[in-house]
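Open the model in your viewer and keep the sequence panel visible. The stops below say what to select next and what is there.

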Amino acid sequence: MALKISVIVCAHNEARYLPACLHSILAQSRVPDELLVINNASTDETSFVALQIPYVRVVAEPRKGLVVARETGRRHATGDVLIYADADCRAPLTWIERIERRFARDPALVALSGPYRYYDWDWSGRALIRAYDFTLAPATQLLVKHLLRVGTIFYGGNFAVRREALERIGGFDTSIEFHGEDTNLGRRLCGVGKVGLFHDCYLYTSARRYIAMGKREVFRLYVRNFVSELLHHRPKDTAHVDVRI
């Protein structure tokens, strides 16, 4: 049986980035069965922009918070597989097709995630991330997933999950403010089935957080919350810097 696929984009004040994101999703070789924008307490034209694009369904979530918006998306989506992308992402043409193929070929797969490629970063930043993807990330994944079995690398702006698996773990943990929410989700999904990390399911995204805060600070931020969530089941940081520009 063919899988019904819902793509969910959570957006708080993302009128600038959202059109490119949505048009890239609607231009896919495998068009989603459903495309939802969760308008998360926006005060700009996010909702208006989304409503101008055909086939997009806008759901209002007045309570601000990324994880809250993701949970709202889960409750409103109707697909067998739910794909989440950030509003500043741009999907390569065969992104959904590759994701669907992974789930169709492996019934044991309950969730997957893919890495990022950056469309607005300098060459040194892009080279650094590519080096991380093929050196440090595999070593980290070997350690945390296969040796220690405490969780997995999971990218919150680019992941897909079977609806039933997400229901089994009780959905998203809305007590988490921002950092560590993806690691939390990946860790809990590992408890109910197979979770994969696939390089061919990559997304293009903005490097605006690195640009605004600096590479070193962002890396430190991600590492300490990743480690804290895996070891203590809670992220280290309970607040985050809003870098929307």
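Buried means under 20% relative accessible area, exposed means over 50%, and partly exposed lies in between, computed with a 1.4 Å probe on protein chains only. This is a predicted model, in which local features need pLDDT of at least 70 and side-chain atom pairs count only at pLDDT 80 or more, while totals for chains, interfaces and linings use all residues. Residues are numbered from 1 along each chain as its sequence is written, and side-chain values use heavy atoms, with hydrogens and water left out.

**Helix 10**

Select residues 215-232, which make up helix 10. Helices (H or I, at least four residues) and strands (E, at least two) are DSSP runs, numbered from the N terminus. Which residues of helix 10 are buried? They are V218, L221, N225, F226, S228, E229 and L230. Show helix 6 (136-147), helix 8 and helix 9 (208-213) as well, since they are among the elements covering those buried residues. The end C-alpha atoms of helix 10 are 25 Å apart, which agrees with the 26 Å expected for 18 residues at 1.5 Å a residue; the expected span is 1.5 Å times one less than the number of residues. Just after helix 10 comes H233, with a positive phi near 60°.

**The sheet**

Now colour the strands. An open sheet of 7 strands runs in the order 3-2-1-4-7-5-8, with mixed pairing; two strands pair if DSSP finds at least two bridges between them. Strand 3 (56-61) and strand 8 stand at the edges, each with a single partner strand, so one side of each has no neighbour in the sheet. From one strand to the next the twist averages 20°.

Zoom in on strand 4 (residues 81-86) and strand 7 (residues 158-162), which pair in the antiparallel sense over 5 bridges. Here Y84 stands opposite F159 in strand 7. Next select helix 8 (residues 181-190), which packs on the sheet and touches strand 5 (109-113), strand 7 and strand 8; contact means heavy atoms within 4.5 Å.

**L197 and Y132**

Select L197 in strand 8 (residues 194-197). L197 counts as partly exposed because its relative accessibility is 26%. Beyond its neighbours within four places in sequence, L197 is in contact with S113, G114, Q141, I153 and Y155.

Finish at Y132 in helix 5 (residues 123-134). Y132 is partly exposed, at a relative accessible area of 24%. Not counting residues up to four places away in sequence, Y132 touches A137, P138, I153 and Y155.

Conventions
Axes are lines fitted to C-alpha atoms, for helices over the stretch in contact, and angles run from 0 to 180 degrees between N-to-C directions.
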